[in-house]
Protein chains: 2
Amino acid sequence: MPSFDVLQAACPSRSVLRHLTDRWTPMVVAVLSDGPARFGQIRGRVEGVTAKVLTETLRSMERDGLVTRTAQATMPPRVDYELTPLGRTLVTPLAAVRSWAEQHAEQVLEARARYDDTVD
Amino acid sequence: MPSFDVLQAACPSRSVLRHLTDRWTPMVVAVLSDGPARFGQIRGRVEGVTAKVLTETLRSMERDGLVTRTAQATMPPRVDYELTPLGRTLVTPLAAVRSWAEQHAEQVLEARARYDDTVD
DNA sequence: CTCCTTAGTTACGTTGAGGTACTTGGTTTC
DNA sequence: GAAACCAAGTACCTCAACGTAACTAAGGAG
């Protein structure tokens with residue numbers, strides 16, 4: 001086994017890590033961890049994401065094998081997204097980071113306020 | 001307690017999450033999880049980061065209360081960085097994501113190869 | 001007297017992620 | 001018969017992140 005290491009510049013795991021930390025990826029994973037969802041449902045739950053960027057994010061996740069995309073050629077179109085088994089193994093790690101952000105947001109905000117006070 | 005939710009556009013936890021997922025933050029946390037380190041040591045272990053961006057990353061982490069910065073006014077200067085108690089609570093969640101990237105890099109690369117084959 | 005050290009700062013240039021606005025398509029509601 | 005519906009595709013634009021190169025500090029080595 002090649003032993004990947006994100007600390008090494010040329011290691012492919014670094015590009016993987018970078019995708020995981022894309023702006024909307026953790027939120028999309030959070031939404032899909034509740035089960036499959038349609039494009040519009042995801043868009044509804046992830047506040048502030050535009051259709052274009054959500055499409056790009058989902059395509060990128062599909063390419064990386066994290067989600068499956070099932071399109072029905074009906075009109076209007078209906079497209080379902082679902083986490084793959086690989087994508088499901090991501091739920092716990094990303095949820096941990098998300099939950100850290102939510103649980104420690106208060107402390108971080110306080111630290112910022114303190115820091116900004118000590119700066120001219 | 002105000003109950004933070006990253007899925008809500010205006011929630012402060014979202015800016016916190018965004019900082020955690022800055023390009024170099026997870027790697028810096030990984031390095032500092034081994035103990036305090038000097039600027040040059042961090043720079044040496046995080047391959048590819050430039051001095052300017054590492055400075056910015058560390059300053060931002062200091063502002064958020066994740067690291068302490070201890071400068072000696074000697075010449076040449078010596079500056080030590082260390083995770084705060086708050087920063088140390090970040091080690092486990094971020095290590096989980098880092099380790100996911102390393103352990104599943106192979107599968108992601110395979111998925112990309114397969115996907116790219118099915119595209120003209 | 002010039003070089004090298006460390007941990008920056010500053011000015012500037014580049015890049016790419018993300019955002020806005022417009023277009024597509026066939027069926028239902030006004 | 002026009003307009004909304006849903007999930008996009010595309011062209012264009014913006015801005016913040018990131019990068020490069022040059023400069024700074026005080027003292028010791030060559």
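These exercises, each with a worked solution, explore a predicted model.

**Exercise 1. The core**

Task: Which residues touch the most other members of the largest nonpolar core, and which helix gives the largest share?

Solution:
- Step 1. Start with the core itself. The largest nonpolar core holds 66 residues.
- Step 2. Look for the residues that touch the most other members. They are A:Ile42 and B:Ile42.
- Step 3. Turn to the helices. Helix H5 of chain A, residues 85–118, supplies eight residues, the largest share of this core.
- Step 4. List the contacts of A:Ile42, leaving aside neighbours within four places in sequence. They are A:Val28, A:Val31, A:Leu32, A:Ala37, A:Leu54, A:Leu58 and A:Tyr81.
- Step 5. Add the background. In soluble globular proteins, nonpolar side chains tend to be buried together.

**Exercise 2. A residue in helix H5**

Task: Is A:Val108 buried or exposed, and what does A:Val108 touch?

Solution:
- Step 1. Place the residue. A:Val108 sits in helix H5 of chain A.
- Step 2. Apply the cut-off. Buried means under 20% relative accessible area. A:Val108 has 1% relative accessibility, so A:Val108 counts as buried.
- Step 3. Find the contacts, not counting residues up to four places away in sequence. A:Val108 touches A:Trp100, B:Val16, B:Asp64 and B:Leu86.

**Exercise 3. Helix H2 of chain B**

Task: How many residues of H2(B) are buried, and where does B:Leu32 lie?

Solution:
- Step 1. Count the buried residues. Eight of the eight residues of H2(B) are buried, so this helix is largely enclosed by the rest of the structure.
- Step 2. Name some of them. Among the buried residues are B:Thr25, B:Pro26 and B:Met27.
- Step 3. Locate B:Leu32. B:Leu32 is in helix H2 of chain B, which covers residues 25–32. B:Leu32 counts as buried because its relative accessibility is 2%.
- Step 4. Compare sequence with space. B:Leu32 and B:Leu83 are 51 residues apart in sequence. Their C-alpha atoms are 6.4 Å apart in space.
- Step 5. Check the contacts, leaving aside neighbours within four places in sequence. B:Leu32 is in contact with B:Ala37, B:Ile42, B:Val67, B:Tyr81 and B:Leu83.

**Exercise 4. A tryptophan in a loop**

Task: Where is A:Trp24, and which residues is A:Trp24 in contact with?

Solution:
- Step 1. Find the loop. A:Trp24 lies between helix H1 (12–20) and helix H2 (25–32) of chain A.
- Step 2. Judge the burial. At 9% relative accessibility, A:Trp24 counts as buried.
- Step 3. Take one pair. A:Trp24 and A:Val46 are 22 residues apart in sequence. From C-alpha to C-alpha they are 8.3 Å apart.
- Step 4. Leave aside neighbours within four places in sequence. The contacts of A:Trp24 then include A:Val46, A:Glu47, A:Gly48 and, from chain B, B:Arg14.

**Exercise 5. The pocket**

Task: Which residues line the largest pocket, and which element gives the most to its lining?

Solution:
- Step 1. Note the space. The largest pocket has about 200 Å³.
- Step 2. Read the lining by chain. Chain A gives A:Glu62, A:Gly65, A:Val67, A:Thr68, A:Thr84 and A:Leu86. Chain B gives B:Gln107, B:Ala111, B:Arg114 and B:Tyr115.
- Step 3. Pick the elements that give two or more residues. They are strand E2 (67–72) of chain A and helix H6 (91–118) of chain B.
- Step 4. Choose the top giver. H6(B) gives the most, with four residues.
- Step 5. Sort by class. The lining has four nonpolar, four polar and two charged residues.

**Exercise 6. A peptide bond**

Task: Is the bond from B:Met75 to B:Pro76 cis or trans?

Solution:
- Step 1. Place the proline. B:Pro76 lies in the loop between strand E2 (67–72) and strand E3 (78–83) of chain B.
- Step 2. Read omega. The bond is cis, with omega near 0°.
- Step 3. Set this against the general rule. Most peptide bonds are trans.

Key. Residues numbered from 1 in each chain as written. Chains lettered and ligands numbered in written order. Predicted model: local features only at pLDDT ≥ 70, side-chain atom pairs only at ≥ 80, totals over all residues. Heavy atoms only, no water. Core = buried A, V, L, I, M, F, W, Y, C linked by side-chain atoms within 4.5 Å. Buried < 20%, exposed > 50% of the residue type's maximum accessible area, 1.4 Å probe, protein only. Helix = DSSP H or I, 4+ residues; strand = E, 2+ residues; numbered from the N terminus. Contact = heavy atoms within 4.5 Å. 1 Å grid on protein atoms, 1.4 Å probe; cavity = no way out; pocket = protein on both sides within 12 Å on 5 of 7 lines; lining within 4 Å. Points joined across faces, edges and corners; volume = space filled by probe spheres on them. Nonpolar A, V, L, I, M, F, W, Y, C, P; charged D, E, K, R; others polar.
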